[in-house]
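Work through the exercises below with the model open. Try each task before reading its solution.

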Amino acid sequence: MMRVGTAVRVRYFDDLTRAFLQDRENPVIVQLGCGLDTRFSRTDSGKGVQINMDLPEVMRLRQELLPQTDERCLDWTGSILERDWMHRLQQDYAGRNILFIAEGVLMYLREEEVRSLLRDLADNFSGAHIAFDTAGNFVCKKMNKNSAVSKLNAEMTWGYDHDGSLDKWHPRLRRLDMAFYFNRFRQRWGLSCLMHYFPPLGKASLMHYFAIAG
């Protein structure tokens with residue numbers, strides 16, 4: 001079931017990326033906490049720039065396994081808890097249309113860190129778009145206890161049970177879309193799609209897409 005969920009999530013963010021690249025002039029895609037994601041190879045249309053950013057140890061492994069061969073796909077080293085990369089982005093890509101993607105990342109931060117990140121993006125990148133996913137508290141507890149997460153040096157520390165409060169975190173955030181995992185590609189889920197009707201799971205596992213008002 002986790003594999004289906006990952007595929008659904010990847011497809012959602014890939015589709016957003018393709019649409020953004022097609023619809024915007026001078027687009028820049030910034031993948032926060034990119035890991036070993038290969039979105040550029042799946043979505044590149046010959047237009048714009050895609051920036052992959054993660055911690056130093058992750059980027060060293062990434063450059064070893066996935067060496068970049070295209071000058072429009074850039075690897076940056078940085079932490080989403082710091083702000084140096086924001087200043088670099090403002091300097092190098094001023095006036096560009098930017099889409100930030102944080103896929104499978106924010107639930108490993110504390111809520112105050114997520115709030116700080118979204119606040120600083122909203123304060124500094126007028127007109128940009130932000131896409132990310134969240135997991136509810138029930139999901140976080142189950143994943144920490146019974147999944148591969150429990151075998152790694154990682155813990156899901158921020159659970160968001162969808163109640164609309166996220167939309168009020170910053171006055172410049174404007175929701176463009178949200179998508180529930182179990183309600184997408186229902187044929188791929190089989191009977192598991194019925195979990196969409198179990199609120200602690202189905203209604204609290206979703207993808208979000210926001211614009212930052214000017």
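**Exercise 1. Thr134 and its surroundings**

Task: List the residues that Thr134 contacts beyond four places in sequence, then place Thr134 and classify its burial.

Solution. Start with the contacts, where contact means heavy atoms within 4.5 Å. Leaving aside neighbours within four places in sequence, Thr134 is in contact with Met107, Trp158, Tyr160, Ala204, Ser205, Leu206 and His208. Before going on, note the ground rules: this is a predicted model, in which local features need pLDDT of at least 70 and side-chain atom pairs count only at pLDDT 80 or more, while totals for chains, interfaces and linings use all residues. Residues are numbered from 1 along each chain as its sequence is written, and side-chain values use heavy atoms, with hydrogens and water left out.

Next, the element. Thr134 sits in strand S5, residues 129-134. Helices (H or I, at least four residues) and strands (E, at least two) are DSSP runs, numbered from the N terminus.

Then burial. Buried means under 20% relative accessible area, exposed means over 50%, and partly exposed is in between (1.4 Å probe, protein chains only). Thr134 has 2% relative accessibility, so it counts as buried.

Last, the side chain. It pairs with the side chain of His208 in a polar contact at 2.8 Å. A polar contact is a pair of N or O atoms within 3.5 Å; within protein, one must be able to donate a hydrogen and the other to accept it, and residues adjacent in sequence count only if both atoms are side-chain atoms.

**Exercise 2. Ser205, a partner of Thr134**

Task: Where does Ser205 lie, and is Ser205 buried or exposed?

Solution. Ser205 is in the loop between helix H8 (199-202) and strand S7 (206-212). Its relative accessibility is 8%, so Ser205 counts as buried. Beyond four places in sequence, Ser205 is in contact with Thr134, Val139, Ala179, Phe180 and Tyr181.

**Exercise 3. The cavity**

Task: How many cavities of 30 Å³ or more does the whole structure hold, and which residues line the largest cavity?

Solution. First, the method. On a 1 Å grid over the protein atoms alone, a cavity is a set of points where a 1.4 Å probe fits but cannot get out; lining residues have an atom within 4 Å of a point. The search finds one cavity of 30 Å³ or more. The largest cavity has a volume of about 30 Å³.

Second, the lining: Leu32, Phe100, Ala102, Leu106, Leu117, Leu118, Leu121, Ile130 and Phe132. Strand S4 (97-102), helix H5 (111-124) and S5 each give two or more residues to this lining. H5 supplies the largest share, three residues.

Third, the chemistry. The lining has nine nonpolar, no polar and no charged residues.

**Exercise 4. From H1 into S1**

Task: Follow the chain through Leu21, Asn26 and Pro27, and say which of the three has a positive phi.

Solution. Leu21 lies in helix H1. Its relative accessible area is 0%, so Leu21 is buried. The C-alpha atoms of Leu21 and Lys47 are 6.7 Å apart, with their positions 26 residues apart along the chain. Among the contacts of Leu21 beyond four places are Pro27, Ile29 and Lys47.

Asn26 comes in the loop between helix H1 (2-23) and S1. It is partly exposed, with a relative accessible area of 47%. Its phi is near 50°, a positive value in a residue other than glycine. Most residues other than glycine have a negative phi.

Pro27 lies in strand S1, residues 27-32. With a relative accessible area of 1%, Pro27 is buried. The C-alpha atoms of Pro27 and Val49, 22 residues apart along the chain, are separated by 6.5 Å. Contacts of Pro27 beyond four places include Leu21, Lys47 and Val49.

**Exercise 5. Arg42**

Task: Which side chain makes a polar contact with the side chain of Arg42?

Solution. Arg42 is in helix H2, residues 39-43. Its relative accessible area is 30%, so Arg42 is partly exposed. Beyond four places in sequence, Arg42 touches Val10, Asp14, Arg18 and Asp37. The polar contact is with the side chain of Asp14, at 2.7 Å.

**Exercise 6. The whole chain**

Task: How many helices and strands does the chain have?

Solution. The count is eight helices and seven strands. Of the 214 residues, 49% are buried.

Technical notes:
1 Å grid on protein atoms, 1.4 Å probe; cavity = no way out; pocket = protein on both sides within 12 Å on 5 of 7 lines; lining within 4 Å. Points joined across faces, edges and corners; volume = space filled by probe spheres on them. Nonpolar A, V, L, I, M, F, W, Y, C, P; charged D, E, K, R; others polar.
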